[in-house]
Amino acid sequence: MTLNDQVIEGRKSILLTTTGAKTGKRRTNPLGYLEIDGKTVVVASNMGATAHPGWYHDIRRDHRVTIETETETYEAIASIPPAAERDALFAKIVAEEPGFAEYQAKTTRQLPVVILHRIDDRVRGMGDFLVEVHEWLREELRTLRAGVEDIVAGRADALRMEKSLKAHCVSFCEALTKHHTGEDMGAFPLLAQRFPALAPTLTKLGEDHVVVAATQKRIRDLVEGYVHGESDPARLRDEFDALAGKLEAHLAYEERSVVAALNVTVTG
């Protein structure tokens, strides 16, 4: 299928390729689109039918799509704006294309508005900021691990190193807790609203936060309760390595899963 074969009369058109929600197979649909406030917008009108079109169910399961215009093909992700933003966009859509008001009048379902965001590595967004925070956390982990190893190896001035490690551990744990709380209370609900396909991923990430928090507490208790000459430094190292492994796996999975969506999500 080519765009020239599927031009929708009187409208700017694209070919939207999605992954079938039931079949898992790629399928392509010609759609009319509008440019509203610099956004590429499509409406799941289905010409006023009682059911949403199949491609809309697809993007609720997998928000990754391919768009073909007359001049290029590129990858994008599809987001569903929250109610107030949707209503404002739909009003502007109707102002440009009154036919969508007629479609809405034919059905009791609210016609969904979908924003198609081009994936552009040159544009920095919330996802890139997330990666920067993760890199800082990784560096802090390496510094803490080095401090633990100094204690295990019995290097000179152990008491000073223990005091430094305890202070560093407290600041790290507080920063990690603040970061995860911010995701649980802010970024994740925002993503869940705009990208329904991410729901299972966000649930897993939230569960990871609980596991990391429990391990983190054990580490902090061990560090704060550590007494030179009495406590077992090998146990401290083993517990810390367990935390580092869980946290690194969590950070890597989070980056693979949500950075692209965060980079096209605008707040405020």
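**Cysteines**

I looked up Cys169 and found its sulfur 3.9 Å from the closest cysteine sulfur, in Cys173, which is too far for a bond. The model I am reading is a predicted one. A disulfide would need the two sulfur atoms within 2.5 Å, and so I do not count Cys169 and Cys173 as bonded. From the other side, Cys173 has Cys169 as its closest cysteine sulfur, at 3.9 Å. I then searched the whole structure and found 0 disulfides.

Are these cysteines buried or exposed? Cys169 is buried, with a relative accessible area of 4%. Cys173 is buried as well, at 2%.

**Helix H6**

I followed Cys169 to one of its contacts, Ile219. Ile219 lies in helix H6, which covers residues 199–224. With a relative accessible area of 1%, Ile219 is buried. Setting aside neighbours within four places in sequence, I noted that Ile219 is in contact with Cys169, Glu239, Phe240 and Leu243. I also took one distance across the model: Ile219 and Ser13 are 57 Å apart, C-alpha to C-alpha, with their positions 206 residues apart in sequence.

Thr215 is also in H6. I recorded it as buried because its relative accessibility is 1%, under the 20% cut-off. Which residues does Thr215 touch, not counting those up to four places away in sequence? I found Ala242, Leu243 and Lys246. Leu243 therefore appears in the contact list of Thr215 and in that of Ile219. An α-helix has 3.6 residues a turn, so residues three or four places apart point the same way.

**Helix H7**

Next I checked helix H7, residues 233–263. At its start, a side-chain oxygen of Asp232 comes to within 3.0 Å of the backbone nitrogen of Ala234. How far apart are the end C-alpha atoms of H7? They are 42 Å apart; the 31 residues should span 45 Å at 1.5 Å a residue, so the two values agree. I noted a kink of about 45° in H7, centred on Ser257.

**Strands S5, S6 and S7**

I moved on to strand S6, residues 73–79. S6 is mostly covered, with 5 of its 7 residues buried. Strand S5, residues 64–68, runs antiparallel to S6 and is joined to it by 5 bridges. Thr66 stands opposite Glu75 in S6. The hairpin from S5 to S6 passes through 4 residues.

S6 also pairs with strand S7, residues 113–118. That pairing is antiparallel too, over 4 bridges. Where in S7 is the bridge partner of Ser79? I found it at Ile115.

**Positive phi angles**

Last, I looked at backbone angles. Asp37 is not a glycine, yet has a positive phi of about 55°. I placed Asp37 in the loop between strand S3 (34–36) and strand S4 (39–43). Its relative accessible area is 51%, and exposed means over 50%, so I entered Asp37 as exposed.

Asn46 is another non-glycine with a positive phi, of about 50°. Asn46 lies in the loop between S4 and helix H1 (54–61). How accessible is Asn46? I entered it as partly exposed because its relative accessible area is 34%.

Definitions and conventions. Residues are numbered from 1 along each chain as its sequence is written. This is a predicted model: local features need pLDDT of at least 70, side-chain atom pairs count only at pLDDT 80 or more; totals for chains, interfaces and linings use all residues. Side-chain values use heavy atoms; hydrogens and water are left out. Helices (H or I, at least four residues) and strands (E, at least two) are DSSP runs, numbered from the N terminus. Buried means under 20% relative accessible area, exposed over 50%, partly exposed in between (1.4 Å probe, protein chains only). The expected span of a helix is 1.5 Å times one less than its number of residues. The bend at a residue is the angle between axes fitted to the seven residues ending there and the seven starting there. A polar contact is a pair of N or O atoms within 3.5 Å; within protein, one must be able to donate a hydrogen and the other to accept it, and residues adjacent in sequence count only if both atoms are side-chain atoms. Two strands pair if DSSP finds at least two bridges between them. Contact means heavy atoms within 4.5 Å.
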